[in-house]
Amino acid sequence: MDFNPFDPAFRQDPYPKYAELRREAPVYRHPAMGFTAVSRYDGVVHVLMNPNLFSSKAIDLNIDGNPTRTVINTDPPLHTSMRNLVNRAFTPRMVAELEPRIREITASLLDAVVESGETDLVRDLAIPLPVAIIAGLLGIDDDRHDDFKRWSTVFIGTAPGEDGERARQDQIFEEARAYFREVIDARRRQPGSDLISALVAVSGDDEEHLLGPSDLLAFIALLLVAGNETTTNLIGNAVLALLDHPEQLEMLRRDMSLLPNAVEEALRYESPVQNLFRTATEDTEIGGVPVPKDSGVIPIYASANRDDAKFPDGDRFDITRNTQGHVAFGHGVHFCLGAPLARLEAKVALEQVILRMPGLRREPGRPEWFMHAPFLRGLVTLRLSFAPTAAGAATVPAGG
């Protein structure tokens, strides 16, 4: 068996290989690269629930050549302290208070396209909606939203490319750093109620502070990426899954009370985050397979979410299934802080797309997947056509 998570052919459709891994080598140690890939549900949960054995510290986040610390690459107890810094912005009450703003932005974005009867849903809704929301939480001006998306695309790992492409990426990195340094300086002079102000308040140049200068920049970059990339992928992946399963879309049209579960099934079926990286802190084993100290471990969320032992007939998209326990947002201490917000944004987006785009269908052909970040799965574009409707007709389903 061979498993190469960087292979473009695999990235186009990873699920047959995941099934092969679960069947033939559920704990697979790559002979050349040295990492251990874990593909069955129980094994993935074991890795995620034991941060003492499988550390996040090796996730490499560098700013200005300095290693940095954020919630994604630290372990408890430091991880707990860092998580508490931003947790207050993602409580159920705070997220619920964002719903009117999410609906307002969604209505405005759809008003711009519904009269034409066609759209690239990724460009016109799935990207700008979550960018606008996370920018608001960070306290960033509306006129920088396009920059936010450019920066986050580079942050998550673009293809190496040629020298000219690398130089362009370095220029974008420096542009983002320079902008956020200005924002940080402004928040030091005049703090606000935004997330950047909360991080600035516990940052400084000495060890007495939780965040150093490079940590602070990395944390802001992480919030930017996590706040828009995953939700963008979720919205696009969910609409694609519904269009590729028209009986499920029609079921949802008839009964919009299924919408929250449809979002969960989309998360399970086409996980926006396919995997993340861990490092073994000692010699250990998973499912009887030895895992050496300091070696890499890849818990494959997307494979676990299609494990028939946990989700019967896991390759089938079914918006009525019991999705409880899926690991699309991780599990344990690193469970995604922004999960409630991503769920709400996706729910509102799907609801309004279904209600305001009757006769929805996608352009024929193979989906174009974003290929430059092996741990993410999302569409580059999703071209749709539908029966034109009037702008300004934002709707709420009956009873909701």
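## Close-up views: rings, charges and cavities

**View 1. Phe3, Phe10, Tyr15, Tyr18, Tyr28 and Phe35 come together as one aromatic cluster.** This is a predicted model, and it holds 13 aromatic pairs. Take Phe3 and Phe10 as a worked case: their ring planes stand at 85 degrees with the centres 5.4 Å apart, so this pair is edge-to-face. Both of these residues, Phe3 and Phe10, are buried.

**View 2. Tyr179 and Phe180 make an aromatic pair.** How are the two rings set against each other? The centres of Tyr179 and Phe180 lie 5.3 Å apart and the planes meet at 70 degrees; that is over the 60 degrees required, so the pair counts as edge-to-face. Tyr179 is buried, and Phe180 is buried too.

**View 3. Two arginines each place a charged end over an aromatic ring.** For Arg306, the ring underneath belongs to Tyr269, and the charged end is 4.0 Å from the ring centre. For Arg377, the partner is Trp369, with 3.6 Å between the charged end and the centre of the ring.

**View 4. The largest cavity has a volume of about 110 Å³.** Which residues should you look for around its centre? The lining has 14 residues, and the closest to the centre are Arg11, Pro14, Gln274, Pro374 and Leu376. By class, the lining of this largest cavity splits into 10 nonpolar, 2 polar and 2 charged residues. In total, the structure has 3 cavities of 30 Å³ or more.

Key
Residues numbered from 1 in each chain as written. Predicted model: local features only at pLDDT ≥ 70, side-chain atom pairs only at ≥ 80, totals over all residues. Heavy atoms only, no water. Phe/Tyr/Trp six-rings, centres within 6.5 Å; stacked < 30°, edge-to-face > 60°. Buried < 20%, exposed > 50% of the residue type's maximum accessible area, 1.4 Å probe, protein only. Lys NZ or Arg CZ within 6 Å of the ring centre and 35° of its normal. 1 Å grid on protein atoms, 1.4 Å probe; cavity = no way out; pocket = protein on both sides within 12 Å on 5 of 7 lines; lining within 4 Å. Points joined across faces, edges and corners; volume = space filled by probe spheres on them. Nonpolar A, V, L, I, M, F, W, Y, C, P; charged D, E, K, R; others polar.
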